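Take a look at the model below and turn it around a few times. We'll then walk through it together, one piece at a time.

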Number of protein chains: 2
Amino acid sequence: MKLGRLNHVGVATPSLERAIAFWRDIMGAQIIREPFDMAGQGVRVCFVETPGADSTAGTQIELLEPLGETSPIAAFLAKNPQGGQHHLAFEVPDIAAAKDWFERQGKRVLGEPRLGAHGTLVFFVHPRDMGGVLTEIMETPKGAGH
Amino acid sequence: MKLGRLNHVGVATPSLERAIAFWRDIMGAQIIREPFDMAGQGVRVCFVETPGADSTAGTQIELLEPLGETSPIAAFLAKNPQGGQHHLAFEVPDIAAAKDWFERQGKRVLGEPRLGAHGTLVFFVHPRDMGGVLTEIMETPKGAGH
């Protein structure tokens with residue numbers, strides 16, 4: 001496998017509204033996308049754009065607020081009430097080949113690939129197998145970042 | 001302030017050697033820089049390059065191993081023995097103006113700007129003031145990422 005683009009850094013927050021205000025007013029983000037629910041994954045999501053080199057699209061900040069009591073973000077916030085860095089998401093050209101790769105390396109893939117926030121298939125790999133980093137692997141969105 | 005490029009994601013590790021092997025052999029990183037000590041900050045550092053859009057330089061992964069018992073990374077690893085995401089580093093054009101900005105917003109800047117791993121001045125902002133994210137602000141390296 002070849003390391004792909006760092007598509008986004010997932011950041012959990014107890015309040016998407018306050019987090020959006022923070023990234024807009026304190027960090028100076030120029031482009032903040034419309035928030036939306038991902039009910040199947042128990043999160044409400046908002047992407048903050050960061051500028052890449054030479055006017056390309058940079059790595060996004062994916063703000064994540066829990067949606068419902070069984071949200072995986074709720075468990076994270078119980079340990080980190082203020083929020084914090086939640087996962088790193090890397091792009092791959094072929095999600096099935098990537099799943100096969102990680103499994104063959106003995107890494108615990110968490111469930112089957114499912115539709116992610118960019119409309120492509122994604123899976124997560126257990127942080128204990130990944131140097132403590134919860135890692136999302138996502139198929140590269142068409143036309144994204146280019 | 002305008003949000004700058006996400007220069008790197010700091011990832012703490014108990015073993016730089018094992019982390020480098022992981023990023024090379026499992027994640028498939030094509031370019032891994034030579035590790036070096038930053039004795040003043042109590043860390044040994046190794047940068048892993050990730051590809052950006054359109055063949056630009058992407059956001060780096062900054063692997064951090066503690067150097068000495070008083071290393072700030074040692075405290076992080078006591079809580080997270082496997083390692084994990086440690087900080088996000090954003091570029092700014094003017095470090096003094098950025099420090100003034102964050103202080104005027106009531107954010108706790110941790111000490112005076114000092115030379116960072118890219119040879120430019122950097123400072124950190126307290127995670128409790130930043131949505132739980134330890135945030136590094138660094139002056140843009142000349143010619144970097146372009």
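Here is a short tour, from the pairing of the chains down to single residues.

Keep in mind as you go that this is a predicted model. Let's begin with how the two chains relate to each other. Chain A can be laid on chain B with an RMSD of 0.0 Å, using a turn of 180° and a shift of 0.0 Å along the axis. The two copies are thus related as by a two-fold rotation axis. What about the surface where they meet? Of the interface residues of chain A, 100% are also interface residues in chain B, so the copies meet through the same surface.

What does UniProt list for chain A? Its unreviewed entry gives "domain: VOC" for residues 5-140. Over that stretch, chain A is 21% helix and 36% strand, and the C-alpha atoms at the two ends are 9 Å apart.

Now for the aromatic rings. A search of the whole structure turns up 6 aromatic pairs over all chains. One to find is W23(A) with F90(B): the ring centres are 5.7 Å apart and the planes sit at 70°, and because an angle over 60 degrees counts as edge-to-face, that is what this pair is. W23(A) belongs to helix α1 (residues 16-26) of chain A, while F90(B) belongs to strand β5 (residues 84-92) of chain B, so the pair joins two chains. Are these two residues buried or exposed? Buried means under 20% relative accessible area, so W23(A), at 5%, counts as buried, and so does F90(B), at 2%. For another pair, look at F22(B) and W23(B): their ring centres are 5.7 Å apart and their planes are at 90°, so this pair is edge-to-face as well. Both F22(B) and W23(B) are buried. Back at the first pair, F22(A) joins W23(A) and F90(B) in one aromatic cluster.

Let's follow the helices next. In helix α1 (residues 16-26) of chain B, the buried residues are L16(B), A19(B), I20(B), F22(B), W23(B) and I26(B). What covers them? The cover includes β5 and α3 (95-104) of chain A, together with β3 (43-48) and β4 (60-66) of chain B. After α1(B) comes G28(B), with a positive phi near 80°.

Helix α3 (residues 95-104) of chain B has its own buried set: I95(B), A98(B), K99(B), W101(B) and F102(B). These residues cover an arc of only 160° around the axis, which puts them on the same side of α3(B). The face turned away from that buried side carries the exposed residues A96(B) and R104(B). The cover over the buried residues of α3(B) includes α1 of chain A, along with β5, β6 (109-115), β7 (121-125) and β8 (135-139) of chain B. Check the ends of this helix too. D94(B) caps the N-terminal end, with a side-chain oxygen 3.0 Å from the backbone nitrogen of A96(B). At the other end, α3(B) is followed by G106(B), whose phi is positive, near 80°.

Finally, zoom in on three residues of chain A. V9(A) is in strand β1 (residues 6-12), and at 0% relative accessibility V9(A) counts as buried. Leaving out residues up to four places away in sequence, V9(A) touches residues of both chains, including T59(A), I61(A), L88(A), V9(B) and L88(B).

One of those contacts, T59(A), lies in the loop between β3 (43-48) and β4 (60-66) of chain A. Although T59(A) is in a loop, it counts as buried, at 5% relative accessibility. Which residue of chain B shares a polar contact with the side chain of T59(A)? The partner is T59(B), and the two side chains are joined by a polar contact of 3.1 Å. Not counting residues up to four places away in sequence, T59(A) also touches others, among them N7(A) and L6(B).

The last stop is E91(A), in strand β5 (residues 84-92) of chain A. At 5% relative accessibility, E91(A) counts as buried. Its side chain makes a polar contact of 2.7 Å with the side chain of N7(A). Beyond its neighbours within four places in sequence, E91(A) is in contact with residues including G4(A), R5(A), M138(A) and P141(A).

Notes
Residues numbered from 1 in each chain as written. Chains lettered and ligands numbered in written order. Heavy atoms only, no water. Phe/Tyr/Trp six-rings, centres within 6.5 Å; stacked < 30°, edge-to-face > 60°. Helix = DSSP H or I, 4+ residues; strand = E, 2+ residues; numbered from the N terminus. Buried < 20%, exposed > 50% of the residue type's maximum accessible area, 1.4 Å probe, protein only. UniProt positions renumbered as here; feature names shortened; annotations may be inferred. Arc of directions from axis to C-beta. Contact = heavy atoms within 4.5 Å. Polar contact = N/O pair within 3.5 Å; in protein donor to acceptor, adjacent residues only side chain to side chain. Least-squares fit on C-alpha atoms with pLDDT ≥ 70 in both.
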